[in-house]
Amino acid sequence: MEPCINVLVVVERADTFQMLEQHLEQSSQAYRLRWQDSLDGVESVLEEGEYDAVLIEYHWGEVNCKPLISSLNRLSLASALVVLDGHNGPSSNRFSQSSADSLLRCGYDCLTISLDRLHQLDRTIRFAIEHKLPLSEHFDSSTQLPSHRLLMHRLNHVIPLSQRNGDKFALLLVEFDVVCESEPQQVSVDQLISHAAKRLRGIMRRSDFVARVSGQQFAILLEGIEAVSGVSNFATKVIERFATPESLADVRYSLACRIGAVVHPPTDQSSEAVFGHALSVLNESDYGEFRLYRHNKGDFSKESERLNIESQLNEAIAKKEFILQYQPRFELDSGNIVGVEALLRWQHPERGLLQPQEFMEVAESSGLICDIGRWVMVQACRDWQVIQRSCGQMITMAINLSPKQFADHSLVDVLEGLRLEADLDSFHGLELEITETQVLDNLEFVATRMEQLAEMGVYFSLDDFGTGYSSFVHLQQLPIQALKIDRTFINRCDINKDDAVLVDAIVKMAKSLGKSVIAEGVETSKQQQLLLLSGCDQAQGFFLSEPLDLHHLCALLMERPSRESESSLFH
């Protein structure tokens with residue numbers, strides 16, 4: 001005969017307890033149940049006797065059963081845990097996942113069961129008892145953190161959850177190297193590591209999961225992440241925080257640490273594979289360094305490739321891998337250089353010089369475009385000052401603004417800081433290029449922001465004109481000085497009569513609105529001539545000049561003087 005199973009049943013209502021009791025009475029397995037109708041006093045009840053399992057309702061009004069889990073951990077009890085979902089119907093599965101997810105973060109493995117599946121209660125309790133990890137395998141004895149085995153148990157839960165919900169999570173492996181300012185006399189290295197574990201827990205969110213993997217190696221599980229930049233920022237925070245010396249007893253020490261991480265997209269991967277990816281980049285990294293695993297194209301979807309680019313963009317920002325080139329803009333009737341457009345390039349350490357179309361979409365979707373755009377703004381304005389001092393010439397500096405950067409609350413402050421740095425009265429000659437889509441998405445905000453910037457002397461041009469749906473009324477209401485004809489209209493105007501007629505019509509329409517016209521993408525002499533005859537004011541393109549770095553631009557300006565500032569396009 002099988003031994004009787006002792007179960008502590010922690011539910012609020014008597015009828016719920018009776019229902020559970022009736023279901024278990026139908027089993028061939030003998031059960032001895034004890035009813036506890038309150039979370040208060042649970043700890044003392046558990047201390048009175050040993051229970052094979054605890055069956056508990058998750059929600060108790062405004063509170064939940066997490067205090068019970070804390071008691072189980074603190075008392076080192078080996079009871080299996082089954083969480084009762086008090087909801088019926090299809091929503092119960094979702095609720096049960098939420099309950100178990102919350103409890104697992106507390107460092108305890110559990111099973112869940114809903115009221116509409118009580119016919120499986122006997123099997124669920126016995127399965128929980130048979131498969132429960134020994135408590136000694138749950139936690140590291142020195143740090144009291146979850147163990148490597150419990151981490152893998154947690155990953156086995158998180159991976160299918162992320163696949164089902166489309167969420168992302170990150171696994172970071174952190175390895176410490178203890179650096180003592182003096183030889184420790186009363187403190188062991190293990191005590192220093194335990195002290196570091198407490199510090200590590202202190203800088204994490206309550207919802208984050210941290211485990212001691214082995215020796216001086218820890219794992220951090222971050223769930224519900226939105227962008228890789230958040231993982232990178234967190235890793236940098238850990239590295240910097242532990243590099244600051246701390247004292248424990250008679251020892252002043254710091255911790256050099258290296259971090260390897262993997263961001264898991266919703267694809268079919270095992271917990272062992274995810275852990276292995278993080279471990280591989282950890283072993284490749286140096287102390288003081290954070291590395292992110294880059295998935296192979298053959299193994300993952302386009303989403304993982306996007307994550308790869310995002311992580312590399314984070315590194316590019318930190319390592320200052322971006323550069324600017326400047327494409328001269330020419331006045332068509334005189335041939336003088338009247339301005340330049342700042343063009344962003346990424347000097348990738350492995351792939352060479354990358355054009356914006358190879359990374360800008362990811363920069364936009366991840367939000368990194370604001371950091372990148374801020375750097376472009378600062379660098380371009382500083383280079384603009386160099387041009388004026390070195391060449392003695394005043395030319396227009398045109399900078400593209402992405403929608404997110406235009407909406408960034410810090411934009412005005414950044415420009416004001418640059419104005420003060422350069423000791424300027426205004427930004428006369430600074431041109432910001434915005435798109436038709438930006439204008440139409442939120443006209444009221446755009447108008448307000450443009451007025452703020454216009455007061456600082458900034459000019460505006462409408463980029464890629466003709467590819468959107470600009471209203472003539474909007475063009476007249478906003479302080480837009482120039483329209484840039486998109487290159488798609490210029491490409492064939494020298495060989496296709498219809499395109500030539502369309503370009504001529506766009507120029508005449510812009511002139512009727514009192515706007516200046518700039519053509520981009522001029523590749524042939526005939527295109528230049530057609531634009532000149534149509535009355536277009538300025539042009540840029542490879543036929544006229546390819547993009548140049550600052551040094552070669554200054555050399556060109558010294559050889560070929562620009563038009564004086566008094567005859568600027570925007571006067």
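**Close-up 1. What lines the second largest cavity of this predicted model.** Cys370, Gly373, Arg374, Met377, Gln405, Asp408, Ser410, Leu411 and Val414 make up the wall. The space they enclose comes to about 50 Å³, and a search of the whole structure turns up 3 cavities of 30 Å³ or more. Two helices, H12 (369-391) and H14 (411-421), each chip in at least two lining residues. H12 gives the largest share, with 4 residues. Sorted by class, the lining is a mix of 4 nonpolar, 3 polar and 2 charged residues.

**Close-up 2. Helix H6, residues 148-165, from end to end.** How far apart are the end C-alpha atoms of H6? They sit 25 Å apart, which agrees with the 26 Å that 18 residues should span at 1.5 Å a residue. Plenty of side chains to look for here: the buried residues of H6 are Leu150, Leu151, Met152, Arg154, Leu155, His157, Val158, Ile159, Leu161 and Ser162. Just after the helix comes Gly166, with a positive phi near 75°.

**Close-up 3. Strand S18, residues 430-435, and its pairing with S17 and S19.** S18 is mostly covered, with 5 of its 6 residues buried. It pairs with S17 (residues 396-400) in the parallel sense, over 4 bridges; look for Asn400 standing opposite Glu433 of S18. S18 also pairs with S19 (residues 459-465), again in the parallel sense, over 5 bridges. For a landmark in that pairing, find Glu431, whose bridge partner in S19 is Tyr459. As you trace the strands, keep in mind that side chains in a regular strand alternate between the two faces of the sheet.

Definitions and conventions. Residues are numbered from 1 along each chain as its sequence is written. This is a predicted model: local features need pLDDT of at least 70, side-chain atom pairs count only at pLDDT 80 or more; totals for chains, interfaces and linings use all residues. Side-chain values use heavy atoms; hydrogens and water are left out. On a 1 Å grid over the protein atoms alone, a cavity is a set of points where a 1.4 Å probe fits but cannot get out, and a pocket is an open set with protein on both sides within 12 Å along at least five of seven lines; lining residues have an atom within 4 Å of a point. Grid points are joined across faces, edges and corners, and a volume is the space filled by probe spheres set on the points. Ala, Val, Leu, Ile, Met, Phe, Trp, Tyr, Cys and Pro count as nonpolar, Asp, Glu, Lys and Arg as charged, and the others, Gly among them, as polar. The expected span of a helix is 1.5 Å times one less than its number of residues. Buried means under 20% relative accessible area, exposed over 50%, partly exposed in between (1.4 Å probe, protein chains only). Two strands pair if DSSP finds at least two bridges between them.
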